[in-house]
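Please read this report with the model open beside it, and find each named residue as it comes up. It follows contacts, strands, charged pairs and rings in turn.

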Amino acid sequence: MVYSVEQNTFIVMSYYRNGTFVDGAWLYSIAACKQEYLANYPDLEIQETSLEAHIRDVINKFVRTGNVNKGKSSGRPAVSEEVVDDLRERLEQNPQTSLTRLSQQSGVPVTTCHKVVKKRLHMHPYKITTVQQLLPIDPPRRVEYCNWFQNTFHDDGLLDLTFFSDEAWFHLSGYVNSQNFRIWSAENPHVFVETPLHPLKIGVWLAVSRRRIYGPIFFHDTMTGERYRQQILEPFIQQLDDEELQLGYFQQDGATAHTARATLEYLQQHYDDRVISLGVQHAFPPRSPDLTPLDFSIFGYLKDKVFQRQMNNLAELQHGIERWVQSIDGRMLQNIFESKKKRVNMCLELNGEHFQHLL
């Protein structure tokens, strides 16, 4: 039952009104207060034991606070400007400081640090983006490639015929970052993620143009030049249509199996001088996954989708990859290649340096 302010006030007045002075001390009776309350509110259905407990609570609250209302507390005192300035200075000196460490260093409670940082300093936590390290020789190569790309692929028609290829490893266990993975609970549930000593994994090769995607082709062993030619390039080239083979380009990264002399000669037999790779006329810059559609988009998309559920064996993993590759439609491919062109423009604007912070 919810008691009104009027009822709680009556309880306090009745409790003290029915007190008696005995041997120099006041004695008060909950029983007398209860009887007077029931007589004053006869229409209310109240359990007497519940009423007795409520009377005790009201009297105790009145003794402690002088109030019978629940009300809101006055709250903690406002944080001083000196504290705010101190927290600001500490964060400016070391922006990577955690709130826990900030609390330890400043002596300010963590909850107060959080409120000040968010509401007073208007700061927000941002994830650090991990990018491929560039060597001093890389930016000029990236600029050269991007200039060539803009001059060559000035319309979407040629991008419809050109394939950009790459491979990636998919681990059966997926990837669990123990520093970012949390389970909220009143007690430690002691959840463990089992990983095998030698992780089970499967290699995936894909090739993508603006209008279609080829693959996946799966492999389990380290890719050699011979395996690359026999297991991947031969079936890929056999399925190309005449226009793709006669007009389109083929891009690959600088992996050893890709740049072996026999591999490049094999590609040039079919593509002539329309190969984009290290070791040929149109060199693809090393350490540039940010310019490769499969790296900056499709492989990340696939891993996010495939590992939404736990994979129990490599057959399930392979089936999941095939399923999500089939989900990639023409609109998604067009958006990916628009992003490719945008990335090329940004790379040129920054003279070949990292541009992810502008995306």
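Apart from its neighbours within four places in sequence, isoleucine 30 is in contact with Tyr15, Glu52, Ile55 and Arg56. The model in which these contacts are found is a predicted one, and isoleucine 30 belongs there to helix H2, which covers residues 30-40. Is isoleucine 30 buried, exposed or partly exposed? Its relative accessible area is 21%, so isoleucine 30 counts as partly exposed, given that buried means under 20% and exposed over 50%. Tyrosine 16 can be placed in relation to this residue as well, for isoleucine 30 and tyrosine 16 are 14 residues apart in sequence, while their C-alpha atoms are 9.8 Å apart in space.

**Rings**

Tyr15, one of the contacts of isoleucine 30, also belongs to an aromatic cluster, which is formed by Tyr15, Tyr16, Phe21, Trp26, Tyr28 and Phe62. In the structure there are 27 aromatic pairs. In one of them, the ring centres of tyrosine 15 and tyrosine 16 are 5.2 Å apart and the ring planes stand at 90°, so the pair is edge-to-face. Tyrosine 15 is buried, with a relative accessible area of 14%, whereas tyrosine 16 is partly exposed at 32%. The rings of tryptophan 26 and tyrosine 28 are arranged in another way: their centres are 6.3 Å apart and their planes are at 15°, so this pair is stacked. Tyrosine 28 is partly exposed, with a relative accessible area of 32%.

Rings can also have a charged group over them, and two such cases may be looked up in the model. The charged end of arginine 17 sits over the ring of phenylalanine 10, at 5.8 Å from the ring centre. Lysine 340 lies over the face of phenylalanine 149, and here the distance to the ring centre is 4.9 Å.

**Strands**

Which strands pair with strand E3, and in what sense? Strand E3 takes in residues 163-171, and it is mostly covered, since seven of its nine residues are buried. With strand E6 (residues 250-251), E3 pairs in the parallel sense over two bridges, and in this pairing phenylalanine 163 stands opposite phenylalanine 250. With strand E4 (residues 201-208), E3 pairs in the antiparallel sense over eight bridges, and there alanine 168 stands opposite valine 204. In a regular strand, the side chains alternate between the two faces of the sheet.

**Charged pairs**

Side chains of opposite charge can pair when their charged atoms come close. How many salt bridges does a search of the whole structure find? The search finds 15 salt bridges, and the table lists some of them with the separation of their N and O atoms.

| Basic residue | Acidic residue | N to O distance |
|---|---|---|
| Arginine 88 | Aspartate 85 | 2.8 Å |
| Arginine 287 | Aspartate 138 | 2.6 Å |
| Arginine 211 | Aspartate 241 | 3.1 Å |

Aspartate 85 and arginine 88 both lie in helix H4 (residues 81-93), where they are three residues apart, which is about one turn of the helix. Aspartate 85 is partly exposed, with a relative accessibility of 39%, and arginine 88, at 28%, is partly exposed as well.

The side chains of arginine 287 and aspartate 138 also meet in a salt bridge. Arginine 287 lies in the loop between strand E7 (275-276) and helix H13 (293-306), and aspartate 138 lies in helix H7 (residues 138-152), so the pair ties together parts that are 149 residues apart in sequence. Arginine 287 is partly exposed at 27% relative accessibility, whereas aspartate 138, at 0%, counts as buried.

Arginine 211 forms its salt bridge with aspartate 241. This pair links distant parts of the chain, 30 residues apart, with arginine 211 in the loop between E4 and strand E5 (213-219) and aspartate 241 in the loop between helix H9 (225-238) and helix H10 (242-247). Arginine 211 has a relative accessible area of 38% and is partly exposed, and aspartate 241 is partly exposed with a value of 32%. Beyond single pairs, Asp156, Asp160, Arg210, Glu338 and Lys341 are joined into one network by salt bridges that share partners.

Methods: Residues are numbered from 1 along each chain as its sequence is written. This is a predicted model: local features need pLDDT of at least 70, side-chain atom pairs count only at pLDDT 80 or more; totals for chains, interfaces and linings use all residues. Side-chain values use heavy atoms; hydrogens and water are left out. Buried means under 20% relative accessible area, exposed over 50%, partly exposed in between (1.4 Å probe, protein chains only). Helices (H or I, at least four residues) and strands (E, at least two) are DSSP runs, numbered from the N terminus. Two strands pair if DSSP finds at least two bridges between them. Contact means heavy atoms within 4.5 Å. A salt bridge is a side-chain nitrogen of Lys or Arg within 4 Å of a carboxyl oxygen of Asp or Glu. Rings of Phe, Tyr and Trp (its six-membered ring) pair if their centres lie within 6.5 Å; planes under 30 degrees apart count as stacked, over 60 as edge-to-face and the rest as tilted. A charge sits over a ring if NZ of Lys or CZ of Arg is within 6 Å of the ring centre and within 35 degrees of the ring normal.
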